[in-house]
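Subject: Handover of a structure

Dear colleague,

Please find the sequence and the structure below. I would be grateful if you would read the notes that follow with the structure open beside you.

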Amino acid sequence: MADRKLGLKEKYQLMTRGLDWETTYQPMDKVFPFDKYEGIKIKDWSKWEDPFRLTMDAYWKYQSEKERKLYAILDSFSQNNGQLNISDARYMTAIKLWAQGITPLEYYAHRGFCHVGRHFRGAGARVACQMQALDELRHAQTQMHAFSHYNKYFSGLHQAIHMRDRAWYLSIPKSFFEDALTSGPFEFVTSISFAFEYVLTNLLFMPFVSGAAYNGDMATTTFGFSAQSDESRHMTLGLEVVKFVLEQHEDNVPIMQRYIDKWFWRGYRLLALVGTMMDYMLPKKVMSWAEAWGIYWEENGFALFNDLSRYGIRLPKYHEIATKEKLHITHQAWNVFYTACPATGFHAWLPQPYEMDWLSEKYGETFDRFYRPRYELFGEMEKAGKRFYTNRLPFVCQTCQVPDFFTEVDNPMKQAVRHHEWRGMKFNFCSDGCKDIFVNEPEKFCQSYIPPQQIYQGNAGGARTLQEYAAWLHCPMGSDAGDYYSSDDYKNWLKWHGGRDTSPTTAAA
Amino acid sequence: MSVEIKTASIEPVRLTFDHLEARIGKGKAATRYQEAVHDLQVTQNFHYRPTWDPEFDLFDKRRSAIVLGDFDQLLDPRQYYYAPYTIQRARQQEAQDGNFGIVEKRNLFSALSPEWLTNIETLIIPLRHFEWGANTNNCYIAATGYGAPFTSTALMQAMDRLGVAQYLTRLALVLQHQDPQCLDRAKALWLDDPLWQPLRQLVEDAMVTKDWFELHVLQNFLLDGAIYPFAYTQFDQAITTHGGIAYALTTEFMRDWYTESVRWTDSTIRVAANESQENKATIQTWIARWEPRVRAAVTPLAVAAFASQATGVLDSIFTDLAARRVKLGLMV
Ligand SMILES: [Fe+2]
Ligand SMILES: [Fe+2]
Ligand SMILES: [Zn+2]
């Protein structure tokens, strides 16, 4: 008998789709209890096109090949003291921020995709989410392994996991992902797969991985590129999921629009950390935050939303504010980090002359008028032996948890603060975007764990001063916190380089 | 740069991360497995309660009746993190792929009698839905469980089950010359044939079991502990004596996988049971609750496959399971 030949698509569909069934001994709504309460209406789950079309055996095969290559490079990196090849030990601040703030997000993503991989009703959707759950586990684990070698030589990494749940600035990424994971399954995929991985990914991933490449960080560059083929699958999933939901029912459009508005704004606020990394932490610069925003949001993002307009989706609310702010936020954030670095797990410093010039070139008048004078003043204080540190922790926004450094878009001298009263309590926000998010879900956002408030309430190991708080974070001055030029990292770096300061003198790689 | 000259003076400042030092002691280097699993899951200072489960924190120990001082003790004896896991499975899939190639090329199923071919169709292929249930359940454990060492392995277990379901699909298609209708027939059996209903009912009940450790015991210890020996040992032995080498070849992955996954299942249950009398009693209660139903669910399949020898086969399967249980310190 001649065997019928099956097409690839048909074969994949047979492998996966027919597997699930309508349960009858237990009601479907009990087996899948979470996919209706958001009000999203799905008429036909089979319309979900799984974009990966990977059977498990193919998945194992491709992924194991990538792992073999990756670990071969990581092994040779550590055998050959690859850490000595980075541009300058200041670069490590970017890696510390990654290990403390981003690697935990990979793990959250892993758990979040396990959750939706269990709880979506459609089999195609579930398989795609499960594969992503496994990919995200990969990212968390390969990052631990890549950073493990750096941890042996630099500070700020050994306590990353300890800080993850405690540090004030790490509450920004932590609250972001916990918000996503505690949302309904459709909001979760919209927030992570669409807003984060599809719309904003180039502003997160590209700067870090290119930054690593420009600064001689072979370990990060390698796992970054290795993860990129996973990410391209994830991006596809992000777009597919939004289109699928929008096509299922017109009632879904306003719900999805609200999710997109919310997660655009939350994602954008989170990216303030990444922008600061690009403009200040990389000794060799890739591009400025303002340039990246221009290319990846103002050009690519607009084109995407143009596409989505046929579904009745408009540009996210407050996108024009984000664009206006692009000239300011990274300078404002670095100012906070420079002055509050005794209570962080990384070092900060004043931009060197070549960096001041680069910032002037990229930000023009804005930098020269508002931020250069501040750095020059700090520079004079340093020369006089009075390096300026703040002695209080910043207040943070109830929604995004970013410190209160943002200014009014039309007046960079005026701090932006918004208030809202709910059930007799007063809440503070950094922006209308963050206030709107709270007003839509006050029961959720009144729960925010706000580290500075916790410290004042004695819940940070009883710490009352900034120094005590830093000790509670495992971040003593000199070894983990405080100014770069008085740090162990700097001293060791000089020692390993025969006393020579390797800092670049030009921004170009 | 002339790294070689300098290496002598470049001493590490520390050997591992603080959170691992706290576990393995100062001055020791951690393994990649330890780095990959320990303390990855957040345990405190949660921001918001889940909108889908507001009684609990996002990750919450109270979701299981099992109490452990440290849930990171639920380690995997195979020490799987992503890299060794995918590399090991890639090896196995290559071997399995080769087996399918031989069976197809040499048309090895033609050696089987129509009776045994029918047995595969009616008693084995519907198990792809059992595997989908096992995928669902392990994915639930991965999502809901506590501690990265256990939950990360549970996700691998879930993906393995999807892999097995797909191998069963492939087996069906090879058997029926790529005619996809054989899958519909198997699904119809799973949905409506009285033979399969006790098992389907049990799988559906498992799917709504909320305690993730109970589900682990039910799915990975009890259900697998009955179905795998039935389908891939007893059935395999019987069919092989009837010229069914093709069956042995096309289900090799399942046998190897089961032998391996039992190590994880047993070791995690042992750790939980050894922690306290209360845990032990809880697990025993679960076993007492579910084991009779598992036996009842496999019985019609065994009767269909082994007729008069069914009782003997079932006794041997459940004696082995009882022996495993006793080795874990769990009495009847
Ligand atoms: Fe990732
Ligand atoms: Fe991703
Ligand atoms: Zn805010």
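**Packing of the helix α1(A)**

The buried residues of α1(A) pack against α5 of chain A, and also against α6 (127–144), α7 and α8 (181–192) of chain B. The residues of α1(A) that are buried include A:Y12, A:L14, A:M15 and A:T16. Please keep in mind that this is a predicted model.

**The iron site**

Which protein residues are the donors of the iron ion (ligand 1)? They are A:E106 and A:E136, through OE atoms, and A:H139, through ND1, and they lie 2.0 to 2.2 Å from the ion. Along the chain, these donors follow the spacing E-x29-E-x2-H. A:E106 belongs to helix α4 (residues 92–119) of chain A and A:H139 to helix α5 (residues 123–151) of chain A, so the pair ties together parts that are 33 residues apart in sequence. Both A:E106 and A:H139 are buried.

A second iron ion is also present in the model, as ligand 2. A:E136 bridges the iron ion (ligand 1) and the iron ion (ligand 2), and the two ions are 3.3 Å apart.

**A buried glutamine**

A:Q63 is placed in helix α3 (residues 56–79) of chain A. Is this residue buried or exposed? A:Q63 has a relative accessible area of 3%, and because buried means under 20%, it counts as buried. Its side chain makes a polar contact of 3.0 Å with the side chain of A:K66. Leaving aside residues up to four places away in sequence, A:Q63 touches A:D135, A:R138, A:D230 and A:R233 in chain A, and B:Y82 and B:T86 in chain B.

**The largest pocket**

The largest pocket has a volume of about 540 Å³. It is lined by 24 residues, and those nearest its centre are A:K11, A:T55, A:D57, A:A58 and B:R170. Two or more lining residues come from each of α1 (8–16) and α3 of chain A, and from each of α4 (82–105) and α7 (148–175) of chain B. The largest share, 6 residues, is given by α7(B). By class, the lining of this pocket holds 11 nonpolar, 5 polar and 8 charged residues.

**Enclosed cavities**

How many cavities of 30 Å³ or more are there? The count comes to 9. The largest cavity has a volume of about 200 Å³. Among its 16 lining residues, A:E106, A:F196, A:E197, A:L204 and A:E231 are the closest to its centre. A:E106 is thus found in two parts of this account, since it is also a donor of the iron ion (ligand 1). At least two lining residues of the largest cavity come from each of α4, α8 (185–199) and α9 (201–214) of chain A, and α4(A) gives the most, with 5 residues. The lining divides into 11 nonpolar, 1 polar and 4 charged residues.

The second largest cavity has a volume of about 120 Å³. It is lined by 13 residues, of which A:A99, A:T103, A:M144, A:A160 and A:I161 are the closest to its centre. Here α4, α5 and α6 (160–164) of chain A each supply at least two lining residues, and the largest share, 4 residues, comes from α4(A). This lining has 10 nonpolar, 2 polar and 1 charged residues.

**Residues of chain B to inspect**

Most residues other than glycine have a negative phi. Where do positive values occur in residues other than glycine? One is B:Q79, with a phi near 55°, and another is B:A307, with a phi near 45°. B:Q79 is found in the loop between α3 (32–37) and α4 of chain B, and it is partly exposed, with a relative accessible area of 41%. B:A307 lies in the loop between α13 (277–306) and α14 (310–327) of chain B. At 53% relative accessibility, B:A307 counts as exposed.

Finally, B:I245 lies in helix α11 (residues 245–250) of chain B. With a relative accessible area of 44%, B:I245 is partly exposed. B:I245 and B:G147 are 98 residues apart in sequence, and their C-alpha atoms are 42 Å apart in space.

With kind regards

Conventions:
Residues numbered from 1 in each chain as written. Chains lettered and ligands numbered in written order. Predicted model: local features only at pLDDT ≥ 70, side-chain atom pairs only at ≥ 80, totals over all residues. Heavy atoms only, no water. Buried < 20%, exposed > 50% of the residue type's maximum accessible area, 1.4 Å probe, protein only. Polar contact = N/O pair within 3.5 Å; in protein donor to acceptor, adjacent residues only side chain to side chain. Contact = heavy atoms within 4.5 Å. Donors = N, O, S within 2.8 Å, 3.2 Å for Na, K, Ca; no water. 1 Å grid on protein atoms, 1.4 Å probe; cavity = no way out; pocket = protein on both sides within 12 Å on 5 of 7 lines; lining within 4 Å. Points joined across faces, edges and corners; volume = space filled by probe spheres on them. Nonpolar A, V, L, I, M, F, W, Y, C, P; charged D, E, K, R; others polar.
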